[in-house]
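Open the model in a viewer and keep a selection tool at hand. The stops below say what to select next and what is there.

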Amino acid sequence: MPNHIHTIPVLDALRDPQGCALCVMHNKLETDAINFIMGPAYMEDDVRTQTNRLGFCESHLAAMYAGQNRLGLALMLHTYMRQLNKDISSIIKSKLPSPFFGKDANGPLAKIHAHLVKAGESCYVCNKIEDTYNRYIDTFLYLWNKGGDDAKLIKSQKSYCLPHFTLLVTQADKLSRSKREKFIEEIVLPQLKSMQELEEDLEWFTLKFDYRYADEPWKNSKDALPRALRMLGSAE
């Protein structure tokens, strides 16, 4: 069976009754990746080489800072900042006396800007998560496609958050035409139904602020706003 080492974490997430199973998979990977980098791994030369090159995104910097290993984080950020400063200094020295201002696309400011943008878009933790998470999605589709109890478990899911559902649809678009039609019927349509129900709950939530509906029951709308935030991918 392809991707067999990923079957257990995928099935465990699908059995979790709390919200989006794809979020459960991703959150577990994220926790494991942060625990890895904030453990003894940050002292390994190959890991430090990668963190110096990739850095960290804002979200994962905050998560690592919250982990209380201030010494480990400071050591990593020290060598990362040293590498970043070295790169920028090298750009400046290599291009002098090229103009710093004007429309020179190959000038130092343009190159510094490009380097900083690239640095801001990369993250060691994100990279560590991405490859395994994509394999989880492949395993999800494999289990659904092969049928049986695992496929029934997938079909029992009510909905997924939109960012992860978008990734799932992207991968599913590679299926054969007949499988894509089945995917729409068994996964997309239930997702759409949940989204339509959420739309109705949000509308009723807003109407409850109108005095004309003050005495009406809340129905299923009391938690509509946090459910909408989770559906749209917000951590609230």
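**Stop 1: the cavity**

Select Ile 154, Lys 155, Gln 157, Lys 158, Ser 159, Tyr 160, Glu 186, Ile 187, Pro 190 and Gln 191, the residues that line the largest cavity. This is a predicted model, and it holds 1 cavity of 30 Å³ or more. The volume of the largest cavity is about 40 Å³.

Which elements each supply at least two residues of this lining? They are helix H8 (148-155) and H10. H10, which spans residues 177-207, contributes the most, with 4 residues. Colour the selection by class and the lining separates into 4 nonpolar, 3 polar and 3 charged residues.

**Stop 2: the largest pocket**

Next select Gly 19, Cys 20, Ser 159, Arg 230 and Met 231. These lie nearest the centre of the largest pocket, and they are among the 31 residues that line it. Ser 159 was also in the previous selection, as part of the lining of the largest cavity. The largest pocket has a volume of about 930 Å³.

Now show helix H2 (21-37), helix H9 (162-172), H10 and helix H11 (224-231); each of them supplies at least two lining residues. H2 gives the most, with 5 residues. By class, the lining consists of 11 nonpolar, 12 polar and 8 charged residues.

**Stop 3: the second largest pocket**

Clear the selection and pick Asn 52, Arg 53, Leu 54, Tyr 80, Gln 83, Leu 84, Asp 87, His 115, Lys 118, Ala 119 and Ser 122, which line the second largest pocket. The space in it is about 220 Å³.

Helix H3 (45-54), helix H5 (70-95) and H6 each supply at least two residues here, and H5 gives the most, with 4. The lining divides into 4 nonpolar, 4 polar and 3 charged residues.

**Stop 4: the nonpolar core**

How many residues does the largest nonpolar core have? It has 43, and those with the most contacts inside it are Leu 22, Ile 37, Val 125, Phe 140, Tyr 160, Leu 168 and Ile 187. Select these seven as a way in. The elements that give two or more residues to this core are helix H1 (7-14), H2, H3, H5, H7, H8, H9 and H10. H7 gives the most, with 10 residues. Tyr 160 and Ile 187 also appear in the lining of the largest cavity. In soluble globular proteins, nonpolar side chains tend to be buried together.

**Stop 5: a threonine in H7**

Stay on H7, which covers residues 124-146, and select Thr 139 within it. Is Thr 139 buried or exposed? Thr 139 has a relative accessible area of 0%, so it counts as buried. Then draw a distance from its side chain to the backbone oxygen of Arg 135: a polar atom of the Thr 139 side chain lies 2.8 Å from that oxygen.

**Stop 6: confidence**

Finally, colour the chain by pLDDT. The mean is 90, and 92% of the residues reach 70 or more. Among the elements, helix H6 (residues 108-121) has the lowest mean pLDDT, at 86, and helix H10 has the highest, at 96. Both were met earlier: H6 in the lining of the second largest pocket, and H10 in the lining of the largest cavity. Where pLDDT is low, the predicted coordinates should not be read in detail.

Conventions: Residues are numbered from 1 along each chain as its sequence is written. This is a predicted model: local features need pLDDT of at least 70, side-chain atom pairs count only at pLDDT 80 or more; totals for chains, interfaces and linings use all residues. Side-chain values use heavy atoms; hydrogens and water are left out. pLDDT is the predictor's confidence in each residue, from 0 to 100. On a 1 Å grid over the protein atoms alone, a cavity is a set of points where a 1.4 Å probe fits but cannot get out, and a pocket is an open set with protein on both sides within 12 Å along at least five of seven lines; lining residues have an atom within 4 Å of a point. Grid points are joined across faces, edges and corners, and a volume is the space filled by probe spheres set on the points. Ala, Val, Leu, Ile, Met, Phe, Trp, Tyr, Cys and Pro count as nonpolar, Asp, Glu, Lys and Arg as charged, and the others, Gly among them, as polar. Buried means under 20% relative accessible area, exposed over 50%, partly exposed in between (1.4 Å probe, protein chains only). A polar contact is a pair of N or O atoms within 3.5 Å; within protein, one must be able to donate a hydrogen and the other to accept it, and residues adjacent in sequence count only if both atoms are side-chain atoms. A nonpolar core is a set of buried Ala, Val, Leu, Ile, Met, Phe, Trp, Tyr and Cys residues joined through side-chain atoms within 4.5 Å.
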